[in-house]
Amino acid sequence: MKKYLIVIMGMICSFGHADANIKFETLQSHSQLSKVCKQDALDVFKPKTYSLNVGKVTLNSYSCIRQKHDNPQYYSAYALKFASGKQLFFYDQTTDASAYVDIDAYAVGSSIVVFDNMNERGGDLILIWLQDAQHVYSTKIPYMTSDEGSVDVAVQGENIILQKKVYIGDDHQAQVKFKKVGQALVLKKENTKGLTYSSGHVKNFQHEAFR
């Protein structure tokens with residue numbers, strides 16, 4: 001019995017250690033906009049301004065194209081413009097932007113900005129934490145869900161909680177209805193490190209969710 005208990009405890013410790021080493025892709029900030037990027041048309045994305053801990057910040061979206069191995073590569077760029085005029089640009093060059101069907105952007109709390117590039121059954125969340133005007137961190141979280149599904153983002157203290165939800169239809173008043181599915185994915189704000197993994201099953205979050 002003790003032997004089996006030791007094996008089980010070892011497995012639990014092993015899994016815990018693996019989870020502790022989970023790292024998400026980060027997007028480095030740049031002060032200049034690449035010449036291959038153009039601001040998205042207003043019918044695709046309309047700039048949004050929020051009052052945050054660093055003052056007013058305007059969110060913007062860009063589409064970029066470049067040649068790679070004689071083939072065009074499409075990718076997205078996201079921008080923050082501060083009241084001072086300073087701008088930060090974040091380039092996501094690892095995902096083919098031509099697969100996206102919609103983009104949304106919003107602020108959560110006083111220091112978190114979210115860009116949600118959506119495809120047919122999921123998308124990519126770009127989370128940006130403005131610790132202050134000099135320390136801005138980003139991370140990219142791919143997710144899978146149902147048609148018209150999405151992810152709720154909430155902030156509780158130092159934690160950022162991502163909860164997948166699937167579309168289940170409209171009610172009798174034509175209001176859209178969703179159902180939360182799966183375990184939430186939790187990130188933590190850490191000084192000098194940025195947004196780090198705290199808890200939740202990343203693989204489940206990145207696999208298709210069913211009703």
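Mentor: pLDDT is the predictor's confidence in each residue, on a scale from 0 to 100, and it is the place to begin here, since this is a predicted model.

Trainee: What is the mean pLDDT of the protein, and how many of its residues, in per cent, reach 70 or more?

Mentor: The mean is 85, and 88% of the residues reach 70 or more.

Trainee: Which elements have the lowest and the highest mean pLDDT?

Mentor: Helix α1, residues 2-20, has the lowest mean, 40, whereas strand β3, residues 48-52, has the highest, 98. Over residues 1-18 pLDDT stays under 50, and for that stretch the model has zero contacts beyond four places in sequence. Where pLDDT is low, the predicted coordinates should not be read in detail.

Trainee: Turning to the interior, which residues touch the most other members of the largest nonpolar core?

Mentor: That core has 22 residues, and those touching the most other members are Val114, Leu125, Ile141, Val153, Leu162, Leu185 and Leu187. Another core, of 18 residues, lies apart from it and includes Phe45, Leu88, Phe90 and Val136. Leucine 162, from the core of 22, is in contact with Leu125, Ile141, Val153, Leu185 and Leu187, among others, when its neighbours within four places in sequence are left aside.

Trainee: How should I read burial, taking tyrosine 143 as the case: is tyrosine 143 buried or exposed?

Mentor: A residue counts as buried under 20% relative accessible area; tyrosine 143 has 2%, and is therefore buried. Tyrosine 143 belongs to strand β10, residues 136-144, and a polar contact of 2.8 Å joins its side chain to that of aspartate 116. Beyond four places in sequence, the contacts of tyrosine 143 include Met118, Arg121, Leu125, Ser150 and Phe205.

Trainee: Where does serine 150 lie, and with which residues is serine 150 in contact?

Mentor: Serine 150 lies in strand β11, residues 150-156, and is buried at a relative accessible area of 15%. Apart from neighbours within four places in sequence, serine 150 is in contact with Tyr143, Thr145, Gln163, Lys164, Lys165 and Phe178. As for two of these partners, the C-alpha atoms of tyrosine 143 and lysine 164 are separated by 8.3 Å, with the residues 21 apart along the chain.

Trainee: And for backbone angles, what is phi of threonine 192?

Mentor: Phi of threonine 192 is near 70°, which is a positive value in a residue other than glycine. Threonine 192 sits in the loop between β14 (185-190) and β15 (194-199). Because the relative accessible area of threonine 192 is 68%, and exposed means over 50%, threonine 192 is classed as exposed.

Methods: Residues are numbered from 1 along each chain as its sequence is written. This is a predicted model: local features need pLDDT of at least 70, side-chain atom pairs count only at pLDDT 80 or more; totals for chains, interfaces and linings use all residues. Side-chain values use heavy atoms; hydrogens and water are left out. Helices (H or I, at least four residues) and strands (E, at least two) are DSSP runs, numbered from the N terminus. Buried means under 20% relative accessible area, exposed over 50%, partly exposed in between (1.4 Å probe, protein chains only). Contact means heavy atoms within 4.5 Å. A nonpolar core is a set of buried Ala, Val, Leu, Ile, Met, Phe, Trp, Tyr and Cys residues joined through side-chain atoms within 4.5 Å. A polar contact is a pair of N or O atoms within 3.5 Å; within protein, one must be able to donate a hydrogen and the other to accept it, and residues adjacent in sequence count only if both atoms are side-chain atoms.
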